[in-house]
Amino acid sequence: MGLVYCDICSNNSFSRHSYFLPGAEVQIACNFRAFVPKTREQVSFSVNRTTDKHGVYRLEIPSVDGIACAEAAIASSCQASLVGTSSTSCNIPGHRSTTDQIAIKSRHPNLCIYSLTALSFRPSKRNVALCGK
């Protein structure tokens with residue numbers, strides 16, 4: 001999962017004038033490798049997702065038989081990249097892609113949550129009255 005926001009002031013960070021961007025399309029490419037006794041599984045995929053009204057995109061990955069993500073030694077890498085946005089006022093790519101992620105262990109068995117760092121778009125012109133010079 002991850003977020004897409006509009007960087008209103010074009011300062012490459014989420015400021016008080018920024019907002020989460022619904023309708024942004026993101027491509028997610030992942031490679032998961034698990035090493036457990038008697039099993040060596042690898043799953044690779046690439047999909048597009050659109051952010052919801054809160055600027056969040058999600059992808060649920062089904063479990064692989066014999067591999068519990070909370071117990072196995074998992075080597076994973078995911079990359080999220082901006083594809084486009086339905087916004088006409090905030091449509092210039094800022095943070096275009098990310099591979100930075102954190103893994104969050106859930107209280108639910110065999111559920112792991114991967115969160116990618118935020119991506120952003122910015123307006124074509126910086127609002128000097130709102131953001132200053």
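**Figure 1. The whole chain, before we zoom in.** The accessible surface of the chain comes to about 8300 Å², and carbon and sulfur atoms account for 51% of that area. Please keep in mind that this is a predicted model. The chain has 133 residues, of which 30% count as buried. Its secondary structure consists of eleven strands and one helix. Read from the N terminus, the order of elements is β-β-β-β-β-β-β-β-β-β-β-α. Among contacts with a separation of 6 or more, 62% are between residues 24 or more positions apart. Three disulfides are present in the structure, and a search of the whole structure also turns up two aromatic pairs. The views that follow take these features in turn.

**Figure 2. The disulfide of C6 and C90.** Here the sulfur atoms of C6 and C90 sit 2.0 Å apart and form a disulfide. The link is right-handed, with 105° about the S-S bond. Which parts of the chain does this pair link? C6 belongs to strand β1 (residues 2-6), while C90 lies in the loop between β6 (73-85) and β7 (92-93). These are distant parts of the chain, with the two positions 84 residues apart in numbering. Is C6 buried or exposed? C6 is buried, because its relative accessible area is 0%, against a cut-off of under 20%. C90 likewise counts as buried, at 0% relative accessibility.

**Figure 3. The disulfide of C9 and C131.** A second close-up shows C9 joined to C131, with an S to S distance of 2.0 Å. Is this disulfide left-handed or right-handed? The torsion about the S-S bond of C9 and C131 is about -80°, so the disulfide is left-handed. The pair links distant parts of the chain, 122 residues apart. At one end, C9 lies in the loop between β1 and β2 (19-20); at the other, C131 is part of helix α1 (residues 128-131). Both cysteines, C9 and C131, are buried.

**Figure 4. The disulfide of C30 and C78.** In this view a disulfide joins C30 to C78, again with the S to S distance given as 2.0 Å. The torsion about the S-S bond of C30 and C78 is about 115°, and the disulfide is therefore right-handed. This pair, too, links distant parts of the chain: C30 is in strand β3 (residues 24-36) and C78 is in strand β6, 48 residues apart. How accessible are the two cysteines? C30 counts as buried at 6% relative accessibility. C78 is buried as well, with a relative accessible area of 7%.

**Figure 5. An aromatic cluster of Y5, F14 and F20.** Ring pairs link these three residues, Y5, F14 and F20, into a cluster. The whole structure holds two aromatic pairs. In the pair of Y5 and F14, the ring centres are 5.2 Å apart and the planes stand at 75°, so the arrangement is edge-to-face; the cut-off for that label is over 60 degrees. The rings of F14 and F20 have their centres 4.9 Å apart and their planes at 25°, so this pair is stacked, a label used for planes under 30 degrees apart. Which of these residues are buried, and which are partly exposed? Y5 is buried, with a relative accessible area of 5%. F14 counts as partly exposed, at 43% relative accessibility. F20 is also partly exposed, with a relative accessible area of 37%.

**Figure 6. Positive phi values at S10 and N12.** Our last stop is the loop between β1 and β2, where S10 is found. Although S10 is not a glycine, its phi is positive, at about 50°. S10 is partly exposed, as its relative accessible area is 28%. What is the phi of N12? Phi of N12 is near 60°, a positive value in a residue other than glycine. N12 also has its place in the loop between β1 and β2. To tie this view back to Figure 3, remember that C9, one of the two cysteines shown there, lies in the loop between β1 and β2.

How values were computed: Residues are numbered from 1 along each chain as its sequence is written. This is a predicted model: local features need pLDDT of at least 70, side-chain atom pairs count only at pLDDT 80 or more; totals for chains, interfaces and linings use all residues. Side-chain values use heavy atoms; hydrogens and water are left out. A disulfide is a pair of cysteine sulfur atoms within 2.5 Å. Helices (H or I, at least four residues) and strands (E, at least two) are DSSP runs, numbered from the N terminus. Buried means under 20% relative accessible area, exposed over 50%, partly exposed in between (1.4 Å probe, protein chains only). Rings of Phe, Tyr and Trp (its six-membered ring) pair if their centres lie within 6.5 Å; planes under 30 degrees apart count as stacked, over 60 as edge-to-face and the rest as tilted. Contact means heavy atoms within 4.5 Å. Accessible areas come from the Shrake-Rupley method with a 1.4 Å probe; for residues, only the protein chains shown count as cover.
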